[in-house]
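Dear colleague,

Here is the structure we spoke about handing over. Please have the sequence and the coordinates open while you read, as my notes on what was found follow directly below them.

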Amino acid sequence: MKRVIGFHYTLTDKTGTVLDSSIGDEPLYFLENTQQIIPGREKVIALRNVGDKRKIEVKAPDAYGDVNPELVVKVQRTQFPPGAELKVGEQFQVNNDAHSPVFTIMEVDTAEVTVDGNHPMAGKDLFFDVEIVGMREATKEEEGHGHAHGEHGHGHH
Ligand SMILES: [Zn+2]
């Protein structure tokens with residue numbers, strides 16, 4: 001029988017800046033031995049009991065990869081929809097597929113816009129503080145799907 005493990009996490013970079021956190025929100029749930037929550041080799045399932053905490057360091061190449069300078073490109077302003085608000089720091093996707101890369105606007109000038117298609121966390125060593133906050137047996141449905149459905153096993157997607 002697999003277990004569903006709930007955990008809270010706080011993600012920081014090496015300067016200690018918080019990049020993301022589940023604290024104050026719902027914990028995340030995952031089905032052990034099937035889902036990898038943290039990029040890289042390390043798995044939260046190394047933690048066995050509610051209350052277990054650990055700090056996990058994931059080096060950039062094992063996380064979101066190194067920054068690829070070829071993904072920083074200049075685009076003609078005319079390529080953007082007329083009236084689009086082009087502001088430094090704005091992010092957009094080139095189509096509606098949730099898995100397509102996110103581009104960040106780096107620079108806007110009169111003719112060209114510089115955009116960066118690297119993942120915002122590319123090139124960063126990441127530090128995850130994780131704490132196990134819940135544990136239960138997986139439902140048959142979850143085992144069939146290969147992922148957790150939330151705290152009580154009936155969240156749908
Ligand atoms: Zn499912």
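Is phenylalanine 7 buried or exposed? In this model, which is a predicted one, phenylalanine 7 is buried, with a relative accessible area of 1%. Its aromatic partner is phenylalanine 30, and the two rings meet edge-to-face, at 5.7 Å centre to centre with 85 degrees between the planes. The pair links distant parts of the chain, since phenylalanine 7 belongs to strand β1 (residues 3-12) and phenylalanine 30 to strand β3 (residues 28-31), 23 residues apart. Phenylalanine 30 also counts as buried, at 2% relative accessibility, and Phe7 and Phe30 form one aromatic cluster together with Tyr9.

The search of the whole structure found four aromatic pairs. Another of them joins phenylalanine 80 and phenylalanine 92, again edge-to-face, with 5.6 Å centre to centre and 80 degrees between the planes. Phenylalanine 80 sits in the loop between β5 and β6 while phenylalanine 92 is in strand β6, so this pair ties together parts that are twelve residues apart in sequence. With a relative accessible area of 13%, phenylalanine 80 is buried, whereas phenylalanine 92, at 24%, is partly exposed; the cut-off for buried is under 20%.

Turning to the fold, the protein has one helix and nine strands, and from the N terminus the elements run β-β-β-β-β-β-β-β-β-α. Four of the strands make an open sheet in the order β5-β8-β7-β6, with antiparallel pairing. At its edges stand β5 (72-76) and β6 (91-93), each with a single partner strand, so one side of each is left without a neighbour in the sheet. From one strand to the next, the twist averages 40 degrees. The partner of β5 is strand β8 (residues 112-116), and these two pair in the antiparallel sense over five bridges; if you would like to find the pairing on screen, valine 73 has valine 115 in β8 as its bridge partner. In general, strands of a sheet pair through backbone hydrogen bonds, either parallel or antiparallel.

Finally, some totals for the protein as a whole. Of its 157 residues, 36% are buried, and the accessible surface comes to about 9800 Å², with 49% of that belonging to carbon and sulfur atoms. Among contacts with a separation of 6 or more, 60% are between residues 24 or more positions apart.

With best wishes

How values were computed
Residues numbered from 1 in each chain as written. Predicted model: local features only at pLDDT ≥ 70, side-chain atom pairs only at ≥ 80, totals over all residues. Heavy atoms only, no water. Buried < 20%, exposed > 50% of the residue type's maximum accessible area, 1.4 Å probe, protein only. Contact = heavy atoms within 4.5 Å. Areas by Shrake-Rupley, 256 points an atom, 1.4 Å probe, with all protein chains shown as cover. Pairing = 2+ DSSP bridges. Axes fitted to C-alpha atoms, helices over the stretch in contact; angles between N-to-C directions. Phe/Tyr/Trp six-rings, centres within 6.5 Å; stacked < 30°, edge-to-face > 60°.
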